[in-house]
Amino acid sequence: MSILESYEILHQIGEGGMAIVYKAAQPKLKRFVIIKKLKNYDPESIERFHREAYVSAALNQENIVATHDFIYHKGSYYLVMEYVNGMDLKTILSIFAPVPPLIAAIITREIAR
């Protein structure tokens, strides 16, 4: 377990082309968060990561994960986001496909919102 400012990084939960994703605890607020750590530090990647932080922080809608913080710490960039417990749509579909039409309609409605 490592510490990043007021967050305790618990474990890695994923990795994409741009960032490594960790589950972390924020003890002061007694909640879990997601921390994305930028992997590449070329100017273009840094700019894209900044842009993701600013755009996602400006959005406020129940179906969009909230952005809590943007951190530059010891030469690395981090984006702190809301932790959502549950399965992603890809996993749900891989387990339950084909889904009944009513469930498919509900999923589609939520995506459109």
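**A walk from helix α1 through the sheet to the pocket**

Let us start at Glu47, which is partly exposed, with a relative accessible area of 43%. This structure is a predicted model, so every value below is computed from that model. Glu47 has a partner: its side chain meets that of Arg51 in a salt bridge, with N and O 3.5 Å apart. The spacing of the two residues is worth a look. Arg51 and Glu47 are four residues apart in helix α1, so about one helical turn separates them. Arg51, for its part, is partly exposed as well, at a relative accessible area of 42%.

Stay on this helix for a moment and look for His50, which also has its place in α1. Is His50 buried or exposed? With a relative accessibility of 19%, His50 counts as buried, because the cut-off for buried is under 20%. When residues up to four places away in sequence are not counted, His50 touches Phe70 and Tyr77. Tyr77 brings us to the strands, since strand β6 covers residues 76-82.

Now for the strands themselves, taken in order along the chain. Strand β1, residues 2-4, pairs with β2 in the antiparallel sense, and three bridges join the two. You can find one of the matching positions at Leu4, whose bridge partner in β2 is Tyr7. The hairpin that β1 and β2 make has two residues between the strands, and in this hairpin Glu5 takes a positive phi near 50 degrees.

From β2 the path continues to β3. These two strands are antiparallel too, paired over six bridges. Glu8 marks one spot along the pairing, with Ala25 as its bridge partner in β3. Here the hairpin has three residues between its strands.

What joins β3 to the next strand, and over how many bridges does the pairing run? The pairing of β3 and β4 is antiparallel and runs over eight bridges. Gln26 stands opposite Arg31 of β4. The hairpin of β3 and β4 has four residues between the strands, and Lys30 takes a positive phi near 50 degrees there. Beyond this hairpin, β4 also pairs with β6, again in the antiparallel sense, over five bridges. To see the two strands side by side, look at Lys37, which stands opposite Tyr78 in β6.

With the strands in place, let us turn to the loops at their ends. Gly17 sits in the loop between β2 and β3. Gly17 is exposed, with a relative accessible area of 68%. Leaving aside neighbours within four places in sequence, Gly17 is in contact with Lys39 and Asn40. Another useful marker is Ser45: its C-alpha atom is separated from that of Gly17 by 10 Å, although the two residues are 28 residues apart along the chain.

Lys39 deserves a second visit, since it takes part in a salt bridge with Glu15, where the closest N and O atoms are 3.0 Å apart. This pair links distant parts of the chain: Glu15 belongs to strand β2, while Lys39 lies in the loop between β4 and α1, 24 residues apart. The surroundings of the two residues can be read from their accessibility. Glu15 is exposed, at a relative accessible area of 52%, whereas Lys39 is partly exposed, at 29%.

The structure holds four salt bridges. Besides those already described, there is one between the side chains of Glu110 and Arg109, at 3.2 Å from N to O. Glu110 counts as partly exposed, with 26% relative accessibility.

Our last stop is the largest pocket, which holds about 650 Å³ of space. Which residues are closest to its centre? Of the 19 residues that line the largest pocket, they are Val65, Val84, Met87, Asp88 and Leu89. Two elements give two or more residues to the lining, namely α2, residues 89-96, and α3, residues 101-112. The largest share comes from α2, which supplies three residues. As for chemical character, the residues of the lining divide into twelve nonpolar, four polar and three charged.

Key:
Residues are numbered from 1 along each chain as its sequence is written. This is a predicted model: local features need pLDDT of at least 70, side-chain atom pairs count only at pLDDT 80 or more; totals for chains, interfaces and linings use all residues. Side-chain values use heavy atoms; hydrogens and water are left out. On a 1 Å grid over the protein atoms alone, a cavity is a set of points where a 1.4 Å probe fits but cannot get out, and a pocket is an open set with protein on both sides within 12 Å along at least five of seven lines; lining residues have an atom within 4 Å of a point. Grid points are joined across faces, edges and corners, and a volume is the space filled by probe spheres set on the points. Ala, Val, Leu, Ile, Met, Phe, Trp, Tyr, Cys and Pro count as nonpolar, Asp, Glu, Lys and Arg as charged, and the others, Gly among them, as polar. Buried means under 20% relative accessible area, exposed over 50%, partly exposed in between (1.4 Å probe, protein chains only). Contact means heavy atoms within 4.5 Å. Two strands pair if DSSP finds at least two bridges between them.
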